[in-house]
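I open this notebook to keep a record of what I look up, in the order in which I look it up. The entries are written in whole sentences so that they can be reread later.

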Amino acid sequence: MANDWPLWEVFIRGQYGLSHRHVGSLHAPDAEMAMLNARDVYTRRNEGMSIWVVKSADVTASAPSRKGPMFDPSNDKTYRHPTFFDIPDDVESM
Amino acid sequence: MYAQEVKSTGLVVKPLDEMSDEERAFQVRIDAGEKIEPKDWMPDGYRKNLVRQISQHGHSEVVGQLPEGNWITRAPTLERKAILLAKVQDEAGHGLYLYSAAETLGVSRADLIDDLLSGKAKYSSIFNYPTLNWADMGAVGWLVDGAAIVNQVALQRTSYGPYSRAMVRICKEESFHARQGFDIMMKMTSGTAAQKAMAQDALNRLWWPALMMFGPPDADSVHSAQSMAWKIKIMTNDEGRQKFVDQTMPQIEYLGLEVPDSTAKLNPETGHYDFSDPDWAEFFEVLKGNGPCNVDRLRARNIAHDKGAWFRDGLMAYAEKRKIAAE
Ligand SMILES: [Fe+2]
Ligand SMILES: [Fe+2]
C-alpha cells in the first residue's frame, strides 16, 4: 500500500500540574487527523486535558544497547545526591 | 484466550549454560522481571512469536466488533444502544493498541491487516459463532469478555513492554464490558419467563465456545514451555480455563440459570469446580475455517476495508495537497 498513513506518537497531560506523558501511537494522514484520532482513542474516559501529537519519524531515541556509555557520566558522581554527605545529628533539619 | 496457541513453536527451552551470551543475558533479564523494549536485542523466536500472538490478539479485537456491531441498531433502548456502541468502540481501540504494539517489533500494520483479510492470520474461534438475539449481547459481554479478562489480566505481566502496557490499558476498559453484559443478563433473568428462557438459551450456546477461548488442553497442545519461559504466555490454557469456570459458576447461580454441563460442580477437596471438556473436534473445525460464521466474518471485514479505501486515500491526498500548498 503506497498510501499508508504515517505513524504518530501521542502525549497526554492528565491533569493540570503534570507533564505530558507518552500514551501510545496511531496512524493518521496529517496532524489534524492525528489529533482527532488521539482524542477518540486515548481520551474516551476523561484521561486528558491536553494532547500533543508528534510524527514518530521526528523522534530521536537513545539506543538501549548504549545505555552504559550513555549514562555513565552520571553514575560515578554520587556526590550529586544529598545522601553522599554525612551531616552530624546535632545539626538539625538540612 | 484471544490468541489461541495451537501450533507448536517447535522451540525447546535451552538451559542457561547452553545459551549464547546474548540469549543468556536476555533470559536473565526476563527472569528478573525486567521488561524488554523495542530496541533491545531479542532472540528471533521471541520476536516471531510475539508478532504472531499480538497480531492474533489484535485481529480478535477487530473481528470481535462484528457479532456485537450487528445488534447496535437493534438494541431495545436508547441507553442500551449507547452502551453497546461505546463497548464496540472500545474494541476498535483495543485492536489499535495491539497493532501498535506489534508494529514496534518491525512489522507494518498494512501487512498485518492484509494477512487478516486474506485469511492467512487467525483470530479467536469465539467470533465465528453467531449472535442470534439480544440475550446474546448479555452473554457475550459477560462470558466472552469475562474469559478475555482472565487472560488479559495475566498478560499485563508479559515481558514485552509495549504489549504489557497495551494490556494495562485494555484491562481498565474491560470490566465495563463484562459488567454491561452481566447487567443485561440480570435484566433478562428477572423478566418474563420467555426472557429468562432467552438468557438460558444464550448461556447454553455460548458456554462451550467461551471455554474453547483458552485453547486446547495442556496435555495435547503445544510445547508452550518456551513461551512461558519468555513470559509471552503467563498461564497455561487449562489454568486460565479453570480460573474462568471458578469465577463464573457462582455468577450463573446468582442469575438463577443452569450451566449446560451436568458434571460441573464444586469439588470440596480442591476448592475448584470440576467441569467437562468442550467438543475439541468442533474447536479444530472452527479454527480450520468451518465454524458457523467464518466466511461471513472475513467477508464483512473485506467489504469494510475495500469500501473504505477511497476515504483513506482521499485523506492522504488532502494532507499532501495542503503540505505542498504550505511550502
Ligand atoms: Fe477488547
Ligand atoms: Fe471487551
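**Entry 1: a salt bridge and the metal site**

I started with Asp145(B), whose side chain meets that of Lys87(B) in a salt bridge at 2.9 Å, N to O. Asp145(B) belongs to helix H6 of chain B and Lys87(B) to helix H4 of chain B, so this pair ties together parts that are 58 residues apart in sequence. I kept in mind throughout that the model is predicted. A search of the whole structure for such pairs returned 24 salt bridges over all chains.

Asp145(B) came up again when I asked which protein donors surround the iron ion (ligand 2). I found Glu91(B) (OE), Asp145(B) (OD), Glu174(B) (OE) listed twice, and His177(B) (ND1), at 2.0 to 2.7 Å from the ion. Along the chain, the donors of this iron ion (ligand 2) are spaced E-x53-D-x28-E-x2-H. Because Glu91(B) lies in helix H4 of chain B and Asp145(B) in helix H6 (residues 134-155) of chain B, the pair ties together parts that are 54 residues apart in sequence.

**Entry 2: the other iron ion**

For the iron ion (ligand 1), I noted the protein donors Glu61(B) (OE), Glu91(B) (OE), His94(B) (ND1) and Glu174(B) (OE), which lie 2.1 to 2.5 Å from the ion. What arrangement do the four donor atoms make around the iron ion (ligand 1)? The angles that they subtend run from 82 to 153 degrees, and the arrangement is therefore irregular. The spacing of these donor residues in sequence reads E-x29-E-x2-H-x79-E.

I then looked up the separation of the iron ion (ligand 1) and the iron ion (ligand 2), which is 3.2 Å, and noted that Glu91(B) coordinates both. Glu91(B) in helix H4 (residues 78-103) of chain B and Glu174(B) in helix H7 (residues 161-189) of chain B are 83 residues apart, and this pair links distant parts of the chain.

**Entry 3: chain A against chain B**

I turned next to the interface, where 23 residues of chain A are in contact with 20 residues of chain B. The two chains bury about 2,000 Å² between them, with 53% of it on carbon and sulfur atoms.

How many salt bridges does the count between chain A and chain B give? I found six, and one that I looked up by name joins the side chains of Arg322(B) and Glu32(A) at 2.7 Å, N to O. The count of residue pairs in polar contact between chain A and chain B, both at pLDDT 80 or more, is eight.

On the side of chain A that touches chain B, the elements that give two or more residues are strand S2 (20-27) and helix H1 (31-42) of chain A. H1(A) gives the most, with five residues. By residue type, I recorded this side of chain A as 12 nonpolar, four polar and seven charged.

Notes. Residues numbered from 1 in each chain as written. Chains lettered and ligands numbered in written order. Predicted model: local features only at pLDDT ≥ 70, side-chain atom pairs only at ≥ 80, totals over all residues. Heavy atoms only, no water. Contact = heavy atoms within 4.5 Å. Buried area = accessible area lost by both parts, 1.4 Å probe. Salt bridge = Lys/Arg side-chain N within 4 Å of Asp/Glu carboxyl O. Polar contact = N/O pair within 3.5 Å; in protein donor to acceptor, adjacent residues only side chain to side chain. Helix = DSSP H or I, 4+ residues; strand = E, 2+ residues; numbered from the N terminus. Nonpolar A, V, L, I, M, F, W, Y, C, P; charged D, E, K, R; others polar. Donors = N, O, S within 2.8 Å, 3.2 Å for Na, K, Ca; no water. Tetrahedral: all angles 85-135°; square planar, octahedral: opposite > 155°, others 65-115°.
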